[in-house]
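Let's walk through this one together, chain by chain and then contact by contact. Have the viewer open as you read.

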Amino acid sequence: METQQCINIIETMVPCLVRSGTDPGLAQFLSIIIGVLIVTLMPLVLVILFIWLERKIAARVQDRIGPNRVGPFGLLQNVADAVKLIIKEDITPAGADRLIYNAAPVIAILSVILVWGAIPYSPIHIGADLSIGVVYVVAIGSVGTLAIMMAGWSSNNKYALLGAFRAVAALISYEIPMILALLIPVMIAGTMSMQGIVEAQQGMWFIVSAPIAALIFYISNLAETGRAPFDLVEAESELVAGYNIEYSGMKFGLFMASEFLHSFTANLLFAVIFLGGWSGPFVAQLPLLGFVWLMAKTLVPYIFTLVLRATIPRVRIDQMMAFNWKFLVPIAIVNVLITALVLKIVQTVGLSPSPENATDFVANLPQGLILFATNLFMAFIVLNMLRNQGRRERMADQARMLRTVEQDKQIVPSAAH
Amino acid sequence: MLELNAQTIVFFVFSLLTLGGALGVVTNRNLIHGAIYLIISLFGGAGLFVLLSAPFLAAVQVLVYIGAIAILIIFAVMLTRSMTQLREVFNGQWWASALVGVLLFTLLIGGVILPVWGNSGTNPNLPVSDLVATTQDLGVALVDGNQYVLPFEVASMLLTAAMIGAIVIAREDD
Amino acid sequence: MNVVNEWAFIGVFMAVAWVLPTAPLIVSWIFRPKRPNAIKMATYECGVETVGDTWVQFKVQYYLTGLIFLVFDVELIFLFPWAIAYNQLDFFAFGAGLLFIFLLSDALIYAWRKNALEWS
């Protein structure tokens with residue numbers, strides 16, 4: 001929790017500028033501007049790579065090759081697509097609310113980019129290490145919902161409005177388990193600062209001490225970012241695309257870019273909060289290596305998300321809502337209750353690591369193992385309950401089917417012959 | 001007395017957003033536009049919270065007011081058909097609300113602003129609570145038996161009651 | 001020392017970050033063809049002409065979901081300060097937080113039993 005030693009992306013260069021004769025205030029301001037530009041440009045450039053990766057993986061799953069014509073390995077395919085979107089005619093439907101219609105895509109992508117400013121890339125590289133980092137990230141994410149609502153309403157189209165309403169209802173619902181899952185890392189780390197959460201994982205990653213919370217966070221992130229099996233936000237093969245139906249040209253492109261970026265950002269958050277963020281070997285000597293570790297850790301859940309998208313069928317909206325309110329939320333609440341109780345007992349008994357050896361793996365072992373065992377136990381009980389429920393429902397189905405067959409026989413006895 | 005530094009400028013920008021947004025809410029005929037103006041106003045409020053070194057409240061403002069209540073208001077507007085294009089600007093009770101507004105304004109000026117007018121925030125005689133300095137202190141204070149534990153639990157009860165009420169009312173409709 | 005700086009960063013970030021996504025829109029506005037006509041601008045409805053008002057009345061279920069979400073959102077926000085202070089709470093203060101979560105689950109059970117969570 002030594003957040004004092006972590007400094008800004010920007011502060012590293014203030015001394016250099018001041019030494020070369022710049023006014024300190026101006027140097028501060030310049031460095032902030034440069035930091036902002038880096039953090040804004042990074043996701044916008046990287047998104048081209050993510051889309052390429054997604055198309056490649058989806059293609060491989062479906063036994064295709066994927067983009068392979070433009071540039072080496074088709075890497076420039078998305079640049080070509082962007083150029084195409086830019087020179088495409090842009091249609092604003094008659095009766096649309098022009099200002100809101102044009103602002104919606106920008107707000108959508110902004111709600112993703114702003115998250116990148118609070119992500120720790122290495123021990124010393126972070127846009128802004130806010131004391132309320134976790135809540136900031138969730139709050140900025142909730143603004144994205146607003147963009148969808150604005151897009152749907154301003155298009156003056158029934159499908160767009162209906163799609164937006166369904167999407168928003170689903171998105172806000174899945175925010176609840178996400179916030180509940182985030183409570184547990186905050187509880188263990190004792191801070192909401194993103195840098196503090198990463199540092200609290202030096203001894204043991206939170207995916208070990210809170211696997212159920214990690215799983216809930218991952219699932220609700222799938223829903224929040226509109227990924228399969230929860231991609232009802234724009235079920236492109238069933239609905240006519242949902243809230244962004246009337247959008248064309250670059251505005252549509254911005255919505256698409258924000259969607260791809262959102263998915264990666266969610267997995268980036270997963271890596272920061274549950275997979276130890278930038279922590280890895282030799283980070284203390286070479287801080288920039290933290291960025292590499294972070295990206296490597298992010299790619300694991302991200303590629304899993306991509307494979308999920310290519311393999312899993314879509315759920316219905318009522319299934320999606322029921323899964324959230326009747327399964328994820330109750331489990332997340334029970335998870336918070338039990339983890340809080342067990343952790344308090346562990347702390348009272350004195351098994352949790354002291355502040356001096358918080359980064360030591362062995363010192364973290366007792367607490368981590370007890371929490372892991374508790375989580376396993378909870379998972380076991382939940383699976384058993386699910387199994388019993390499933391069996392009951394299958395039996396009921398079978399009984400109903402048998403009854404129907406009997407009734408059919410009674411109504412038309414000759415039909416059997 | 002009023003020095004023009006970066007903080008003052010930012011304060012004016014956020015105040016302008018807050019007041020301008022509020023003005024937009026009450027003068028706009030389109031309810032959805034009103035909701036958008038409300039969001040702008042609330043965003044300005046969040047900025048003011050940051051300036052007051054209360055970042056947690058700022059995040060709550062964005063998460064709860066912009067992310068939840070604004071959405072709820074838009075849901076409510078869409079629930080009531082043909083309310084999106086209201087024609088008349090004033091309704092029959094405008095004078096009553098104006099009266100309440102003027103009363104509240106006087107109260108705020110007389111009770112809150114006048115006593116501290118001219119003090120640039122460093123007056124040690126001002127009643128400033130040092131109990132809650134950080135979000136962590138807030139957490140301790142909320143569940144401390146000698147401080148706010150009762151309001152904390154009552155808030156939970158209140159929210160539960162609000163939800164029960166909402167479900168009862170909404171269920172009668174359909 | 002850094003608190004002001006951090007928020008200055010976020011402030012500048014919010015002021016500047018929207019410029020870059022807007023840039024392609026402006027470039028596009030310069031280069032793209034602009035030949036609108038009435039049919040092209042018509043509301044897309046799978047080839048059928050639009051009937052009636054777009055802003056139709058919606059189900060009460062959306063509003064109800066929004067309300068339940070709001071109640072949970074507000075309650076969870078109360079829990080974050082509690083979670084930060086978790087390590088330094090005694091058993092009584094800790095129990096107060098648990099009671100809070102318990103009341104929260106009460107609300108969920110009520111909504112469930114009253115079928116307010118059904119999406120038909």
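Which residues does A:Val168 touch, not counting residues up to four places away in sequence? They are A:Thr145, A:Ile148, A:Met149 and B:Ile71, so the list takes in residues of chain A and one of chain B. Keep in mind throughout that this is a predicted model.

A:Val168 also turns up in the largest nonpolar core, which has 198 residues. Along with A:Val135, A:Ala164, A:Leu183, A:Val186 and B:Ala59, A:Val168 is among the members that touch the most other members of that core. The element that gives the most to this core is α6(A), with 24 residues.

**The chains in outline**

Here is a quick tally of the three chains.

| Chain | Helices | Strands |
|---|---|---|
| A | 13 helices | zero strands |
| B | six helices | zero strands |
| C | four helices | zero strands |

Read along the sequence, chain A is simply α-α-α-α-α-α-α-α-α-α-α-α-α. Chain B runs α-α-α-α-α-α from the N terminus on, and chain C follows α-α-α-α.

Burial is worth a look too. In chain A, 52% of the 417 residues are buried. For chain B the figure is 26% of 174 residues, and for chain C it is 42% of 120 residues.

As for the dimensions of chain A, its C-alpha atoms fill a box of roughly 100 × 65 × 40 Å along the principal axes. Take the contacts in chain A with a separation of 6 or more: residues 24 or more positions apart account for 76% of them. In chain B, among contacts between residues at least 6 apart in sequence, 47% join residues at least 24 apart.

**How far to trust chain B**

Chain B has a mean pLDDT of 80, and 81% of its residues reach 70 or more. Among its elements, helix α2 (residues 31-51) of chain B has the highest mean pLDDT, at 90, while helix α5 (residues 135-143) of chain B has the lowest, at 78. Where pLDDT is low, the predicted coordinates should not be read in detail.

**Where chain A meets chain B**

Now for the interfaces. On the chain B side of things, 17 residues of chain A are in contact with 14 residues of chain B. Two helices of chain A, α5 (133-154) and α6 (158-189), each supply at least two residues of the side that touches chain B. The largest share, ten residues, comes from α5(A). Sorted by class, this side of chain A has 14 nonpolar, three polar and no charged residues.

**Where chain A meets chain C**

With chain C, 66 residues of chain A are in contact with 54 residues of chain C. The elements of chain A giving two or more residues to this side are α2 (24-61), α4 (98-116), α6, α10 (249-274) and α12 (317-349). Of these, α12(A) provides the largest share, 13 residues. By class, the side of chain A that touches chain C has 44 nonpolar, twelve polar and ten charged residues.

**A helix with two faces**

Zoom in on helix α2 (residues 19-31) of chain C. Its 13 residues reach 18 Å from first C-alpha to last, close to the 18 Å expected at 1.5 Å a residue. Which of its residues are buried? C:Pro21, C:Pro24 and C:Ser28 are. Seen down the axis of α2(C), these buried residues fall within an arc of 60°, so they line one face of the helix. They pack against α3 (77-86), α4 and α10 of chain A. Over on the other side of α2(C), C:Val19, C:Ala23, C:Ile26 and C:Ile30 are exposed.

**One phenylalanine in α10(A)**

That brings us back to α10 of chain A, the helix that holds A:Phe270. Is A:Phe270 buried or exposed? A:Phe270 is buried, because 21 other C-beta atoms lie within 10 Å and the cut-off for burial is 20 or more. Leaving out residues up to four places away in sequence, A:Phe270 touches A:Phe217, A:Tyr218, A:Asn221, A:Leu275 and A:Pro301. For a sense of distance, A:Phe270 and A:Leu402 are 132 residues apart in sequence and 48 Å apart in space, C-alpha to C-alpha.

Terms used: Residues are numbered from 1 along each chain as its sequence is written. Chains are lettered from A and ligands numbered from 1 in the order in which they are written. This is a predicted model: local features need pLDDT of at least 70, side-chain atom pairs count only at pLDDT 80 or more; totals for chains, interfaces and linings use all residues. Two residues are in contact if their C-beta atoms, placed from the backbone, lie within 7 Å. Ala, Val, Leu, Ile, Met, Phe, Trp, Tyr, Cys and Pro count as nonpolar, Asp, Glu, Lys and Arg as charged, and the others, Gly among them, as polar. The expected span of a helix is 1.5 Å times one less than its number of residues. A residue is buried if 20 or more other C-beta atoms lie within 10 Å of its own, exposed if 12 or fewer, and partly exposed in between; C-beta atoms are placed from the backbone. The arc is that of the directions from the helix axis to the C-beta atoms. A nonpolar core is a set of buried Ala, Val, Leu, Ile, Met, Phe, Trp, Tyr and Cys residues joined through C-beta atoms within 7 Å. pLDDT is the predictor's confidence in each residue, from 0 to 100.
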